[in-house]
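Subject: Structure for you to look at

Hello,

Here is the structure I promised to pass on. Please open it and keep it beside you while you read.

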Amino acid sequence: MRSRKIHVLIIEDDEQDANIVRRYLDNMPQLSLILQHKHTLREGIHVLQNNEFIDLILLDLTLSDVKGLDTFHQIHQAFPQKPLIILSGNSNPEIIKKTLHEGAVDFLIKGTFDSPSLCYSIQHALELQKQKLELELQNSTLQSLSKQLEIAQAEIKKLKTIDSLTKFYNRTQFDAVFLSEWKRLQREEQPLALILCELDPIATEMDPVSTTWEDHTLHKIAEIMFHTIKRPADCVARYSENQFVILLPNTDILGATFIAEAVRIQVQQLGIDYLSSPYHQPITLSFGVTGHIPRPLEAPSLLIEAAHQALIGAKARGRHQVNWQTIRDIKSELYTRQTLHWVGKLHQALQNDLFQLYFQPIHALNRISSIERLDILLRLCDQSGRAYAPEMFLPMIEQYDFMAQIDQWVIENLLGHTQVHTHKKLVATYFIKLSAATCKAGNFSALVQQQLNLYNFPANHLCFAISESVALKNLSSAVQLAQSLKALGCQIAIDDFGVDFKTLRRLRPMKADYIKINGELVESITTDPILHGIVGSIKRVADVMNSKIIAKQVKSEVTLNSLDNLGINYAQGNHFEQSLPLEQYISMQPSPMAY
């Protein structure tokens, strides 16, 4: 069986019984054994403590220093990994059953076994031990591989959000952070400042610099920003090839100007010259600074546009300048410019099919669910493939007749995707947020019915979400729409629910299947006991209404644990995963299986 001899320890106080075992084993040459014999449990334990090569224990239950089950318990608890066979004159079935149940490999009754049966029992015990060790090794290897996979996945996730050169956030991740901070500070009525800075261009008569040198310069500038921007909530990102953006929550425009000036001076002190300049022209940055307290119905992109305009002003005044501009000063101009910009993009997107569906899973917290729940998100893609979140610009253009068309596009394309991939296992409930324009239109349920029939799609796999604010402003039409969609078999969710759980009484006629709690409220429950209590109250009211609670924008394990303790049903957010293209979800599903 093994290349080395098998070391067996027999603990037996009766010398005659020990000799019988020794004779039985001598008659079985196929077992190459080295047998040690000890008379007391204390002596046996001493051998085991000082000899790790013992492969097997043969144990009598009645010894001079301990008797009965206590003999087995002491030796097995001290050396649970060692295979153990009991040799006893006690034939009590309860004793036999208990020792085997608690870990003994076999129980041989003295006077009833012979040499072959003892040999078989030893071989069986050693084979079980071998299998156990192999299984433990496999489990250890799997755990190690699983840990390596987790590290690799975390690194991949990091690479998707981090600029490889500067190690700052890339523009996509900046957009996500910016939107989150805009919403949070809108609720808290606190200022948000933005600094947009750009490497000043080289004079046209100069030779172009190398990419390696330019990367080195940007890396040095990034180091300066890293050491200047110190608060954990502040965010620095590489905005474009030669631009950085600095986001400063709870900071007014004067504070942001001070930060920009500090970075400007340190870059100047760095003393890097353009390599190809015969006049040793120094590297310089121009800065556009803005700040604003976010207001409802204002588009976050206005703040970015104001920073752009301030940067243009800085460059117009000459190199290496800090210029600031408030939204208030140029708000009407910005609205006009930005509105026309996004109206044009939406026209182009609808004509050229530039929208893209994304998804974010909704995870069950307190039970296992066979039905996946996916929050369907919309992204507007430009010609370069860059995806924009609608929250950046929608508040500016809601007066235009786009939103109902966009909602229609989402339904048609979502169901169209599933129809193309009917061979896939797409057993999921899809959450789709509806706009105020759709709530007011009055004909959306007819469109949904038409699409359900066209694609033979199960209605109960669609859940339409209407935000709390939209529903309260258009209560009668929202209730009517909810009821007509539920009549088709669809589900309803109240989205972005705030802190006033009493409004659920007004929204009760919608008979919502789900209530999605506002993300900013969710993230505050770990620091604000009042908001924690309010979320608990919302959960109790929702239980009475037979509605399930979904917590949005969960960002941390601490928040997740608090939600779980409150009995919240579902959660979603970047703590689990970021939003991904819907095609990626579909491609991961097995086949074949249809609805």
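Below is what was found in it, from the whole protein down to single residues.

One point before the details: this is a predicted model.

**The whole protein**

The protein has 595 residues, and 49% of them count as buried. It contains 21 helices and 20 strands. Its accessible surface comes to about 29,300 Å². Carbon and sulfur atoms hold 52% of that surface. Now take the contacts between residues at least 6 apart in sequence: 73% of these join residues at least 24 apart.

**Three helices in a row of contacts**

Start with helix 2, residues 41–50, and helix 3, residues 69–78. Their axes come within 11 Å and cross at roughly 15°. An angle under 35 degrees counts as roughly parallel, so helix 2 is roughly parallel to helix 3. The crossing of these two helices is right-handed. Helix 2 makes the contact with L41, I45 and L48. Helix 3 answers with T71, Q74 and I75.

Helix 3 also packs against helix 4. Here the angle is about 5°, and the axes are 11 Å apart. Helix 3 and helix 4 are therefore roughly parallel too. On the helix 3 side, the contact uses L69, F72, H73 and H76. On the helix 4 side, it uses I95, K98, T99 and E102.

**A closer look at T99**

Find T99 in helix 4, which covers residues 93–102. Is T99 buried or exposed? T99 has 0% relative accessibility, and buried means under 20%, so T99 counts as buried. Which residues does T99 touch, leaving aside neighbours within four places in sequence? They are L69, F72, I86, A104 and F107. Two of those names, L69 and F72, appear in the helix 3 side of the contact with helix 4.

**The open sheet**

Next, look for a sheet of five strands. The sheet is open, its strand order is 7-8-6-9-10, and the pairing is mixed. Strand 7 (235–240) and strand 10 (322–324) stand at the edges. Each has a single partner strand, so one side of each is left without a neighbour in the sheet. Neighbouring strands are turned by 20° against each other on average, direction ignored.

Strand 9 covers residues 285–292. Three bridges join strand 9 to strand 10, and the two run parallel. One bridge to find is the pair V289 and W324, with W324 in strand 10.

Which strands does helix 6 touch as it packs on the sheet? Helix 6, residues 171–188, touches strand 6 (192–199), strand 7, strand 8 (243–249) and strand 9. The direction of helix 6 makes about 25° with that of strand 8.

Helix 9, residues 301–316, lies across strands 6, 7, 8, 9 and 10. Helix 9 runs at about 145° to strand 9.

**A closer look at Q266**

Last, find Q266 in helix 8, residues 253–270. Q266 has 32% relative accessibility. That value falls between the 20% and 50% cut-offs, so Q266 counts as partly exposed. Leaving aside neighbours within four places in sequence, Q266 is in contact with I224 and T228. Q266 and T228 are 38 residues apart along the chain. Their C-alpha atoms are separated by 9.1 Å.

Best wishes

Definitions and conventions. Residues numbered from 1 in each chain as written. Predicted model: local features only at pLDDT ≥ 70, side-chain atom pairs only at ≥ 80, totals over all residues. Heavy atoms only, no water. Helix = DSSP H or I, 4+ residues; strand = E, 2+ residues; numbered from the N terminus. Buried < 20%, exposed > 50% of the residue type's maximum accessible area, 1.4 Å probe, protein only. Contact = heavy atoms within 4.5 Å. Pairing = 2+ DSSP bridges. Axes fitted to C-alpha atoms, helices over the stretch in contact; angles between N-to-C directions. Areas by Shrake-Rupley, 256 points an atom, 1.4 Å probe, with all protein chains shown as cover. Parallel < 35°, antiparallel > 145°, perpendicular 65-115°, else oblique. Left-handed = near helix turned anticlockwise from the far one by under 90°.
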